[in-house]
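Welcome! Open the structure in your viewer, switch to a cartoon display, and keep the selection box handy for a short walk.

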Amino acid sequence: MSAWPWRSAGYLLTGAVTGAAVLVGLVMSVVAGGVLALALVGLPLLLGTALAGLPVAWLERRRLRLVDGEPAHDPHLPPAAPGLRAWLTTRLRERATWRELGHALLFAGLLWPVDALVLTAGLLLPAAVTLTPLLMATTGDGREAKIVKLWTVTSWPAAFGAALLGIVLLALGTYLLGVAAGARAGLTRLLIAPREDQLDARVIELTQSRVRLVDAFEAERRRIERDLHDGAQQRLVTLTMTLGLARLDAPPGPLADQLAWAHDESGRALQELRELIHGIHPQVLADYGLEAAVADAADRSAVPVDVDLRLPARLPASVEAAGYFVVCEALANIGRHSGASRARVAGGHRDGRLLLEIHDDGRGGARAGAGSGLTGLADRVSVLDGRLTLSSPVGGPTLLRVEIPCAP
């Protein structure tokens, strides 16, 4: 036999008892607060009445486990600072607190009598009818018995017939208890732990975790850049210098030719390593910010670039890194594919957003997914809740616009 009817009965029974206790507590709190409203102690009592929904909701979230397999989350946020005052301020400003107070009032005024009524109709009355033979045998002279004080049974066949009827009613009552408990639990969850709030909390947590991952990724990039700059690059510089000195001291011949080749190769490797380090996280971006880094990227571009970028002193590191690499990739695409004679990078920080616009006078026709790297740029910007838009009609010009929310 399923445990659902018993769990439903337990849920409704505890609801009736708890609701009656909540009603008594609220009445006492309101009466005491009204009598002492002009005294100093009246304010704490009234404040306690306003927060009365908190313990009731805490208990209800645990009672829901009887009939609801999904845990009911606590919608309250942690206080911004330690201490009673911060806790009270946070709670009184939350919608969940007032929603739980409304639930407590509804619970005390309406829900618990309904719980008691359903429990009586679905369990107690059918059980009383089922026990009619036992009642007839243990009361009076064994010739009659009253069924729930309404009907009188005067014979044993009628008593056993009533017992069979009670069993049928008890079976039907279990379904009534299940339906009522399910509806009651659904209403309770809607009032004190709505799934929409839980979904919002999950979205917020995912957003925060995504920001933490981006920050961790940027920190790891800077660590790799620093290790390459201070480790492998310095060793390669030393090797290049050593090969250069050996090349000067070597007499003409095959050995000198091999040393010259090795010296040239080490120089090219050093140059490639410097470009790699610069691509990972340029030092100018870390030291001076996005505006200086974009100006540096424009100086190194194959196409002449005008820069009109006006930013606050610094932006968040993850935003600066994303904006920088968008500009670098866009300028690289312009140099490789657009056939443009000139490009322009403009933007600034307005309304809590970093705005970047990269414009060129090339042939246009740029499309995401066509080998231009725009899909990767859009993904990188979207990680920061940003947006990338592209206007590139055939024949040009091309305008790439990036918006990333951030605070200076």
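Begin by selecting residues 353-360, which form strand 5; strand 4 is joined to strand 5 by 8 bridges, and the two run antiparallel. This model is a predicted one. To see one of the pairings, pick Val345 and look across to Ile358, its bridge partner in strand 5.

Now move to the turn of this hairpin. Strand 4 and strand 5 have 2 residues between them, and there you can select Asp351, which takes a positive phi near 55 degrees.

Next, which strand runs parallel to strand 4? Select residues 305-310: this is strand 3, and 6 bridges join it to strand 4, residues 343-350. Click on Asp308 to find a partner again, this time Ala346 in strand 4.

Add residues 317-338 to your selection. This is helix 12, and together with strand 3 and strand 4 it makes a left-handed β-α-β unit.

Our next stop is Pro282, in the loop between helix 9 (254-280) and helix 10 (283-288). Is Pro282 buried or exposed? Its relative accessible area is 1%, so Pro282 counts as buried, the cut-off being under 20%. Try a distance label here: the C-alpha atoms of Pro282 and Ala321 are separated by 9.3 Å, although the two residues are 39 apart along the chain.

Finish in helix 9, where you can select Asp257. Asp257 is exposed, with a relative accessible area of 54%. Add Arg247 as well: Asp257 and Arg247 are 10 residues apart in sequence, and their C-alpha atoms lie 8.4 Å apart in space.

Conventions. Residues are numbered from 1 along each chain as its sequence is written. This is a predicted model: local features need pLDDT of at least 70, side-chain atom pairs count only at pLDDT 80 or more; totals for chains, interfaces and linings use all residues. Side-chain values use heavy atoms; hydrogens and water are left out. Helices (H or I, at least four residues) and strands (E, at least two) are DSSP runs, numbered from the N terminus. Buried means under 20% relative accessible area, exposed over 50%, partly exposed in between (1.4 Å probe, protein chains only). Two strands pair if DSSP finds at least two bridges between them. A crossover is right-handed if, with the strands pointing away from the viewer, the path from the first strand over the helix to the second runs clockwise.
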